[in-house]
Amino acid sequence: MSSGAEKIVSSILSEAQAKRDAIIQEAEREAARIREEGENRARMAAERILESARKQADMKYQQIISEAKMNARRAELEAREEVIQSAFEKAEDELRKLSSESSEEYLKALREMIKEAAVEIGGGDLIVNLREEDSGRVGDLDGIAAEVEAETGKKTTLEVGDSIKTIGGAVVKTRDGLVEVNNTIEARMSRFRKALRSEVARVLFE
């Protein structure tokens, strides 16, 4: 091969090598770019997954804490309710014991309950229903009637009626039965229960 031909061949080979190297370098750069882009996408996807997992974990944590607090509050309220209920039961037992002993304290309270009910009705011709054991020891109904008459301005009479089942106290009603005031111990406790609950709670828990 002549010297001129060798130069042409060498030039062609050199140019081909340069093009091959350029193509390989470009391919490597493109591959690196694609790999980096893929890694970035994967990293972003992983971060989104992690963030979503963190949010779900936080929500679950808050839910568990909220439920735990709610359950603790419910348990506390139930425990308080048991204590308050026990206090009412003990008070009722004490009142039952007091009324059964025919103490002057109970009889005084009984007469006051009769008067209070009669005044609430407005006086008049009234029937007083009592426990059987209280009927004979209530004392001077005429005296109570006079006090009611003085407060209401209406002529008042009080007469013992039928016996009733109660811890103590009285049910007072008009003779025709159209108006009735239940002033038994149970009825009074029921009426005052809300206020009493607040007072019992304050005494027990403050």
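Which residue forms a salt bridge with Glu 159? The partner is Arg 175, and the closest N and O atoms of the pair are 2.5 Å apart. Here a salt bridge is a side-chain nitrogen of Lys or Arg within 4 Å of a carboxyl oxygen of Asp or Glu. The model is predicted, so to speak of its local features requires pLDDT of at least 70, side-chain atom pairs count only at pLDDT 80 or more, and totals for chains, interfaces and linings use all residues. Residues are numbered from 1 along each chain as its sequence is written, and side-chain values use heavy atoms, with hydrogens and water left out.

We can begin with the overall architecture. The protein chain contains six helices and four strands, which follow one another from the N terminus as α-α-β-α-α-β-β-β-α-α. These elements are DSSP runs numbered from the N terminus, with helices (H or I) of at least four residues and strands (E) of at least two. Of the 206 residues in the protein chain, 22% count as buried, where buried means under 20% relative accessible area, exposed over 50%, and partly exposed in between (1.4 Å probe, protein chains only). The protein chain exposes about 14500 Å², and 54% of this area comes from carbon and sulfur atoms; the areas were computed by the Shrake-Rupley method with a 1.4 Å probe, and for residues only the protein chains shown count as cover. Among contacts (heavy atoms within 4.5 Å) with a separation of 6 or more, 71% involve residues 24 or more positions apart.

The four strands form an open sheet in the order E2-E1-E3-E4, with mixed pairing. Strand E2 (157-163) and strand E4 (180-184) stand at the edges with a single partner strand each, so one side of each has no neighbour in the sheet. From one strand to the next, the twist averages 25°. Two strands are taken as paired if DSSP finds at least two bridges between them. Strand E1 (residues 125-130) runs parallel to E2, joined by five bridges, and antiparallel to E3, joined by four. Ile 127 has a counterpart on either side, standing opposite Glu 159 in E2 and opposite Lys 173 in E3. Five of the six residues of E1 are buried, so this strand is largely enclosed by the rest of the structure.

Helix packing comes next. Helix H2 (residues 104-121) packs on the sheet and touches E1, E2, strand E3 (169-174) and E4, and its direction makes about 25° with that of E3. H2 also packs against helix H4 (residues 141-152), at an angle of about 40° and with the axes 9 Å apart. Axes are lines fitted to C-alpha atoms, for helices over the stretch in contact, and angles run from 0 to 180 degrees between N-to-C directions. The crossing of H2 and H4 is right-handed, meaning that the near helix is turned clockwise from the far one, whereas an anticlockwise turn by less than a right angle would be left-handed. On the H2 side, the residues at this meeting include Arg 111, Ile 114 and Ala 118, while those of H4 include Leu 141, Ile 144 and Val 148.

Charged pairs complete the picture, with ten salt bridges in the structure. In the pair introduced at the outset, Glu 159 lies in strand E2 and Arg 175 in the loop between E3 and E4, 16 residues apart, linking distant parts of the chain. Both side chains are on partly open ground: Glu 159 is partly exposed at 38% relative accessibility, and Arg 175 is partly exposed at 44%. Arg 131, Glu 133, Asp 134 and Arg 137 are joined into one network by salt bridges that share partners. Within helix H1 (residues 3-100), Glu 51 and Arg 54 lie three residues apart, about one turn of the helix, and form a salt bridge with closest N and O atoms 2.7 Å apart. Glu 51 is partly exposed, with a relative accessible area of 34%, and so is Arg 54, at 46%. A further salt bridge joins the side chains of Arg 188 and Glu 116 (2.7 Å, N to O). Because Arg 188 lies in helix H5 (residues 185-191) and Glu 116 in helix H2, this pair ties together parts that are 72 residues apart in sequence.
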